[in-house]
Amino acid sequence: MRYIDEFRDSAQVKGILDEIESLGLREGINLMEICGTHTHSISRYGIRGVIPRGIGLLSGPGCPVCVTTEEEIDAIIGFARENRDVVIATFGDMLKVPASVGSLEGVRAEGSDVRVVYSPLDALEVAIGEPEKEVIFCAVGFETTAPTVGATVLKAMELGVDNFSVISLHRLTPPAMRSLMEEGEVRIDGFICPGHVTAITGSEAYRFLAGEYNTPCVVAGFEPLDALLAIYMLLKQIKDGRAEIEVEYSRVVTPKGNTRAKRIMERLFRVVDTRWRGFGLIAASGLKLKEEFSLYDAERRFYIRRMEAVDKDQGCRCADVIRGIITPEECSLFSTLCRPESPLGPCMVSTEGTCSAYYRYERR
Ligand code: SF4
């Protein structure tokens, strides 16, 4: 298949559903997707409703804004509040995330200079256009965004732009998957691995899941047929007693990934232990700029104070949603007090959040 329409073709979908049915696996199997875009496409296309009832599709920590900790967002809010002459450039998803001391949208209303950008290059453009201002880009994201942020820092160096810096909140996907397996809070029989992230890392990044945890992995694309094919491939592995790394999204993903993008990441970033919302500290799971790029590292250039988050205990259960322990509907605030127009947690704010996917497409 070469064209998107073919991945939405109802006859093909029917065919693969028949294949899934014919495997005869109907009881107690949990598959987890590790990508917010998969979460949304599974909800949007009603995939949960068409596969056998005993096959659970859990949503994992695949939304970058959702796994960013409250302390990190508090620190940026605090800095923006105290430094109104500094431009904080961020993706739109970050704006409404409620942290313990407010939100970036809130400090913008108070007079801080918080601007929405669509890429790190946009933030660099702001810095070039307004050389009298310091511009800090909040770099949130997984392996998909880190190379672009790295390339933007190199561009800033090349152009001699010295009023641009980055606060790197990047996280790496495989360590979080390892943490899920180590903690064992939910049974995961197979992973639907993220297509975009794996286009960078390569599918070999998940080799440890098959080898050490005997857990099948299939890297999937984002159309309905992609998701169903990935589910079929995982169930087939489970039925055959295999644990392998397979790629359904072979039109984009290779075993080794994008070597150029990986080279940029290796050149610019060092791997550090990092806290994730819902998980706590995960070893070697984050990226910070290397020493030689400290001019572009906002956390070295400025005093961005990390404080203990003020516990408001509004009952938000994003920490459990992110780990696949509960579905959004099991949070008592879902669609009552917590809705997209008045979100109480990042999972409802973000376009990649699980609560927002359930609210938009699966609300009963
Ligand atoms: Fe948090 Fe709202 Fe999701 Fe509940 S529904 S877990 S309050 S974001």
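Which helices does the loop that holds Ser 335 lie between? Ser 335 sits in the loop between helix H16 (318-322) and helix H17 (346-349). Keep in mind throughout that this is a predicted model.

## Ser 335 and Ala 284: positive phi

Let's begin with the backbone. Most residues other than glycine have a negative phi. Ser 335 has a positive value, near 60°, and is not a glycine. With 21% relative accessibility, Ser 335 counts as partly exposed, because buried means under 20%.

Ala 284 is also worth a look on a phi plot: its phi is positive, about 50°, although it is not a glycine. Ala 284 belongs to strand S12 (residues 280-289). Its relative accessibility is 36%, so Ala 284 counts as partly exposed.

## The shell around the ligand

If you are setting up the ligand site, here are the residues around the ligand: Cys 316, Arg 317, Cys 318, Val 321, Cys 331, Leu 333, Phe 334, Cys 338, Leu 344, Gly 345, Met 348 and Cys 355. By class, this shell has 10 nonpolar residues, one polar and one charged.

One of the shell residues, Cys 355, is among the buried residues of helix H18, which brings us to that helix and its partner.

## Helices H2 and H18

Helix H2 (residues 36-44) is largely enclosed by the rest of the structure, because seven of its nine residues are buried. These are Gly 36, His 38, Thr 39, His 40, Ser 41, Ile 42 and Ser 43. After H2 comes Gly 46, with a positive phi near 65°.

H18 (residues 354-362) packs with H2 at an angle of about 15°, and the two axes are 9 Å apart. H2 and H18 are therefore roughly parallel to each other, and their crossing is right-handed. From H2, the residues Thr 39, His 40, Ser 43 and Arg 44 meet Thr 354, Ser 356, Ala 357, Tyr 358, Arg 360, Tyr 361 and Glu 362 of H18. The residues of this contact divide into three nonpolar, five polar and three charged.

How many of the nine residues of H18 are buried? Seven of them are, so H18 too is largely enclosed by the rest of the structure. The buried ones are Thr 354, Cys 355, Ser 356, Ala 357, Tyr 358, Tyr 359 and Glu 362. Their cover includes H2, helix H3 (47-50), strand S2 (55-59), H16 and H17.

## Helices H8 and H9

Now for another helix pair. Helix H8 (residues 120-129) and helix H9 (residues 146-159) have axes that come within 9 Å and cross at roughly 25°. That angle makes H8 roughly parallel to H9, and H8 passes H9 in a right-handed crossing.

On the H8 side, the contact involves Pro 120, Leu 121, Leu 124 and Ile 128, which meet Thr 148, Val 149, Thr 152, Lys 155, Ala 156 and Leu 159 in H9. By class, this contact has seven nonpolar, two polar and one charged residues.

## Three buried positions

Is Ile 73 buried or exposed? Ile 73, which lies in helix H5 (residues 70-82), has a relative accessible area of 0% and is therefore buried. Leaving out residues up to four places away in sequence, Ile 73 touches Thr 68, Met 94, Val 97, Ala 99 and Arg 277. The C-alpha atoms of Ile 73 and Asp 93 are 12 Å apart in space, with the two positions 20 residues apart in sequence numbering.

Thr 90 lies in strand S3 (residues 87-90) and is buried as well, with a relative accessible area of 0%. Apart from neighbours within four places in sequence, Thr 90 is in contact with Leu 95, Leu 104, Val 114, Arg 115, Val 116, Val 117 and Cys 138. Asp 113 is found in strand S4 (residues 113-116), and its relative accessible area of 16% makes Asp 113 buried. Again not counting residues up to four places away, Asp 113 touches Arg 84, Val 86, Val 87, Ile 88 and Lys 133. Asp 113 and Thr 144 are 31 residues apart along the chain, and their C-alpha atoms are separated by 27 Å.

Technical notes:
Residues are numbered from 1 along each chain as its sequence is written. This is a predicted model: local features need pLDDT of at least 70, side-chain atom pairs count only at pLDDT 80 or more; totals for chains, interfaces and linings use all residues. Side-chain values use heavy atoms; hydrogens and water are left out. A residue is near a molecule or strand if one of its heavy atoms lies within 4 Å of it. Ala, Val, Leu, Ile, Met, Phe, Trp, Tyr, Cys and Pro count as nonpolar, Asp, Glu, Lys and Arg as charged, and the others, Gly among them, as polar. Buried means under 20% relative accessible area, exposed over 50%, partly exposed in between (1.4 Å probe, protein chains only). Helices (H or I, at least four residues) and strands (E, at least two) are DSSP runs, numbered from the N terminus. Axes are lines fitted to C-alpha atoms, for helices over the stretch in contact, and angles run from 0 to 180 degrees between N-to-C directions. Angles under 35 degrees count as roughly parallel, over 145 as roughly antiparallel, 65 to 115 as roughly perpendicular and the rest as oblique. A crossing is left-handed if the near helix is turned anticlockwise from the far one by less than a right angle, and right-handed if clockwise. Contact means heavy atoms within 4.5 Å.
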